[in-house]
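Colleague: Please take a close look at the salt bridges of this chain and at the part of the fold that surrounds them. I should like one connected account, with the supporting values stated.

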Amino acid sequence: MASKKGQKKQEEGAPTWMITYSDLMTQLVVFFVLLFSFSVLNQQKFQQFIASYQGMGILDGGVSPIVETEPAPADYPENLETPEAAAALARAREMMETYQTVKNFLTANGLESMVEVRYEERGIALDIKERILFDSGRADLKPEAIKLLDKLSGLLSQIPNEVRVEGYTDNRPIHTLQFPTNWELSTARAARVVRYFIEEHHLKPERFVAIGYGEYRPLYPNDTPEHMAENRRVVLLIGTTR
């Protein structure tokens, strides 16, 4: 009987929570080891690591490991005491923390299917498709858009970062009295989102910039209805703190 109990305990193994905890600790160790290795700072390597941390590289079991490259000597500051190196490392740490805050917020509020988040060189990009925010050819917020922006205002109130709200369209021409071109339409949509955050949730106006790119910075060629739908979007680009 004793041997059966011992065998049962051996088969049960470690608790499930230990697996998750061990995985988290492993990733933290990898992160801090890499930070230490960047004491001689190399921005290109750090950006590649950030991409892999999002699930596009080595930590996800992907096929895009960090490639060892040898930059020009000018890329290496002598030490982290130089203002340029210290500022670059501080910005990288801030953006990593902000990225994790955004990811956690979207998951906790069930917004992952509505908002795509990306780590870019410019900052943390929250991509919201047009169909969620606006009707075709219009810049009036839909009821579901208001619910989404109400939730996102909770995120923006937690962080002090600057926010660029960018409007994009596909390449179908628009000729209306209100919007003669896609420039006006994309800019009006970006401005409408900014106004909602400021007027309805009293976020600081100096944190925001509204800009419209029209049809000229597409994610995909406008060759299929699906690609055109992906190109019609509003992006909240979260930058560094002022």
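Modeller: The protein chain exposes about 14500 Å², and carbon and sulfur atoms supply 56% of that area. The model is a predicted one. Of the 242 residues in the chain, 36% are buried. Eight helices and five strands make up its secondary structure, and from the N terminus on they run in the order α-α-α-α-β-β-α-α-β-α-β-α-β. Among contacts between residues at least 6 apart in sequence, 68% join residues at least 24 apart.

The strands provide the setting for the charged groups. β1 and β2 form a hairpin with two residues between them; the two strands run antiparallel and are joined by six bridges. Within this pairing, Val-115 stands opposite Ile-128 in β2. β2 also pairs with β5, again antiparallel and again through six bridges, and here Asp-127 stands opposite Val-235 in β5. β2 is mostly covered, with seven of its seven residues buried.

The salt bridges in the model number 17. Ten residues are linked in a network of such bridges: Glu-116, Arg-118, Glu-120, Arg-122, Asp-127, Lys-129, Arg-164, Glu-166, Glu-230 and Arg-233.

Arg-122 deserves particular attention within this network. Its salt bridge with Glu-120 has its closest N and O atoms 3.3 Å apart, while the bridge to Glu-166 has an N to O distance of 2.9 Å. The pair of Arg-122 and Glu-166 links distant parts of the chain, as the two residues are 44 residues apart: Arg-122 lies in the loop between β1 (115-120) and β2 (123-129), and Glu-166 lies in strand β3 (residues 161-168). The two partners also fall into separate accessibility classes. Arg-122 has a relative accessible area of 36% and is therefore partly exposed, whereas Glu-166, at 0%, counts as buried. Buried means under 20% relative accessible area.

A further salt bridge joins Asp-135 and Lys-142, with 3.9 Å between the closest N and O atoms. The cut-off for a salt bridge is 4 Å, so this pair is still counted. Asp-135 is partly exposed at 38% relative accessibility, and Lys-142 is buried at 16%.

Asp-135 leads on to Glu-130, since Glu-130 has Asp-135 among its contacts beyond four places in sequence; the others are Ser-136, Gly-137, Arg-189, Arg-232 and Arg-233. Glu-130 belongs to helix α5 (residues 130-133). Its relative accessibility is 8%, so Glu-130 counts as buried. Two arginine side chains make polar contacts with the side chain of Glu-130: Arg-189 at 2.9 Å and Arg-232 at 2.7 Å. Arg-233, which Glu-130 also touches, is itself a member of the salt-bridge network described above.

The nonpolar side of the picture involves several of these elements too. The largest nonpolar core holds 35 residues, and Leu-126, Leu-152 and Leu-236 have the most contacts inside it. At least two residues of this core come from each of α4 (83-108), β1, β2, α5, α6 (143-158), β3, α7 (182-201) and β5 (233-241). The largest share, six residues, is supplied by α6. Leaving out residues up to four places away in sequence, Leu-236 touches Ile-124, Ala-125, Leu-126, Ile-128, Leu-152, Leu-156, Val-163, Arg-164, Val-165, Val-193 and Phe-197. One of these contacts is with Arg-164, a residue that also takes part in the network of salt bridges.

A second, separate core has five residues, among them Tyr-168, Tyr-213, Val-235 and Leu-237. Val-235 is the residue opposite Asp-127 in the pairing of β2 with β5, and Asp-127 is a member of the salt-bridge network. To return to the part requested, the network of ten linked residues includes Arg-122, whose bridge to Glu-166 ties the loop between β1 and β2 to strand β3.

How values were computed:
Residues are numbered from 1 along each chain as its sequence is written. This is a predicted model: local features need pLDDT of at least 70, side-chain atom pairs count only at pLDDT 80 or more; totals for chains, interfaces and linings use all residues. Side-chain values use heavy atoms; hydrogens and water are left out. A salt bridge is a side-chain nitrogen of Lys or Arg within 4 Å of a carboxyl oxygen of Asp or Glu. Buried means under 20% relative accessible area, exposed over 50%, partly exposed in between (1.4 Å probe, protein chains only). Helices (H or I, at least four residues) and strands (E, at least two) are DSSP runs, numbered from the N terminus. A polar contact is a pair of N or O atoms within 3.5 Å; within protein, one must be able to donate a hydrogen and the other to accept it, and residues adjacent in sequence count only if both atoms are side-chain atoms. Contact means heavy atoms within 4.5 Å. Accessible areas come from the Shrake-Rupley method with a 1.4 Å probe; for residues, only the protein chains shown count as cover. A nonpolar core is a set of buried Ala, Val, Leu, Ile, Met, Phe, Trp, Tyr and Cys residues joined through side-chain atoms within 4.5 Å. Two strands pair if DSSP finds at least two bridges between them.
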